[in-house]
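Dear colleague,

Here is the structure you asked for. My notes on it follow below.

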Amino acid sequence: MTLFSGAAAEFWLRYVHYIFGILWIGHLYYFNFSQMAFMAEADASTKSAIFQKLTPRTMFWFRWGAMFTLLTGWAMIAHKAGMGVPLNSAWGTIILSGGILGTLMFLNVWLVIWPNNKIAIDNATRVAKGESAIPGVADLMARAAIGSRTNTLFSLPMLFFMGAASHLPLTLSPDKSLVPYWSTFAIIVGLIEFNAIKGKMGPLQKLGMAVHFGLLLTLVLYLAMEFLAG
Ligand code: HEM
């Protein structure tokens, strides 16, 4: 059976990649589209119940979804590169653009969003037991929220590139260097990520702005690829 032959190895990785990708980005969108606005209105005891009973569960599936999406994604890239598909081809350039965005999103999950939420969970548990609150929790949650909004923004170009790699018939010019494209990518994406780590929420406070900036970033990166490398 084809499904159980060696030739289906990449297909299996792809299938698992979709499932974990949905698990991860489904939670990301739930946080950004529903839970953050709810938490802004909720009273203290509801917030405490959310942090103690819901957040440990959502954060578990969210961060492990991110982990297995990342692992299956890079395994597919390694597999295709091993089969001789060059990483400087149109496919390689597009999938690396999506893969790098996805990897930054993974780092935002594991190094920013999860550690800060873990402290918020510990804080809610301590306060519920009558112990003193952990200082600075509000600032840590604000940092997690900026990371989460940034991931919502990045998710739009990331998914565009995931789909485009094999389904958008884009050709790159063999005479053009990829340095201008990758430099443009690094500067724009680097500045947005820097803001996630050190900067302010600013307009990302509004979910609609994160979505619009995400669509704009998709357009800008696509045009950069067409005009600087195509
Ligand atoms: C975290 C880093 C990620 C890496 C390194 C990565 C890598 C890849 C690779 C190599 C492919 C195969 C592309 C092809 O064969 O043309 C792929 C496809 C895909 N990825 Fe990702 N991915 C990542 C994150 C995500 C996330 C978070 C999602 C969200 C759902 C996602 C959704 C998809 C989809 C829908 C496809 C299917 C494209 C197709 O069938 O042509 N990926 N990804």
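**Helix packing and the iron site**

Helices α2 and α3 run roughly antiparallel to each other. Their axes are 9 Å apart and make an angle of about 160°, and an angle over 145 degrees is what counts as roughly antiparallel. The crossing of α2 with α3 is left-handed. In this contact there are 22 nonpolar residues, along with seven polar and two charged ones. Please keep in mind that the model is predicted.

As for the overall layout, the protein contains six helices and zero strands, so the pattern along the sequence is simply α-α-α-α-α-α. The C-alpha trace spans about 65 × 45 × 25 Å along its principal axes.

**The iron atom**

Which protein atoms are donors of the iron atom of the ligand? They are NE2 of H17 and SD of M162, at 2.0 to 2.3 Å from the iron. H17 belongs to helix α1 (residues 9–41) and M162 to helix α4 (residues 137–167), so the pair ties together parts of the protein that are 145 residues apart in sequence. Six donor atoms surround the iron, and the angles they subtend run from 84 to 179°, which makes the arrangement octahedral. For six octahedral donors, the ideal angles are 90 or 180 degrees.

**α3 with α5**

Helix α3 (residues 90–128) also packs with helix α5 (residues 179–198): the two axes come within 12 Å and cross at roughly 20°. That angle makes α3 roughly parallel to α5, and the crossing is right-handed. On the α3 side the contact involves T93, L96, S97, I100, L101, L104 and N108, which meet Y181, W182, F185, V189 and E193 of α5. Sorted by class, these are eight nonpolar, three polar and one charged residues.

**α4 with α6**

Helix α4, which carries M162, packs with helix α6 (residues 207–229) at an angle of about 35°, with the axes 8 Å apart. This crossing is right-handed. From α4 the contact takes in R149, T152, L153, F154, L156, P157, F160 and F161. Residues of α6 in the contact include L207, A210, V211, F213, G214 and L215, and further along L217, T218, L221, Y222 and M225. The class count for α4 with α6 is 15 nonpolar, three polar and one charged residues.

Regards

Terms used
Residues numbered from 1 in each chain as written. Predicted model: local features only at pLDDT ≥ 70, side-chain atom pairs only at ≥ 80, totals over all residues. Heavy atoms only, no water. Axes fitted to C-alpha atoms, helices over the stretch in contact; angles between N-to-C directions. Helix = DSSP H or I, 4+ residues; strand = E, 2+ residues; numbered from the N terminus. Parallel < 35°, antiparallel > 145°, perpendicular 65-115°, else oblique. Left-handed = near helix turned anticlockwise from the far one by under 90°. Contact = heavy atoms within 4.5 Å. Nonpolar A, V, L, I, M, F, W, Y, C, P; charged D, E, K, R; others polar. Donors = N, O, S within 2.8 Å, 3.2 Å for Na, K, Ca; no water. Tetrahedral: all angles 85-135°; square planar, octahedral: opposite > 155°, others 65-115°.
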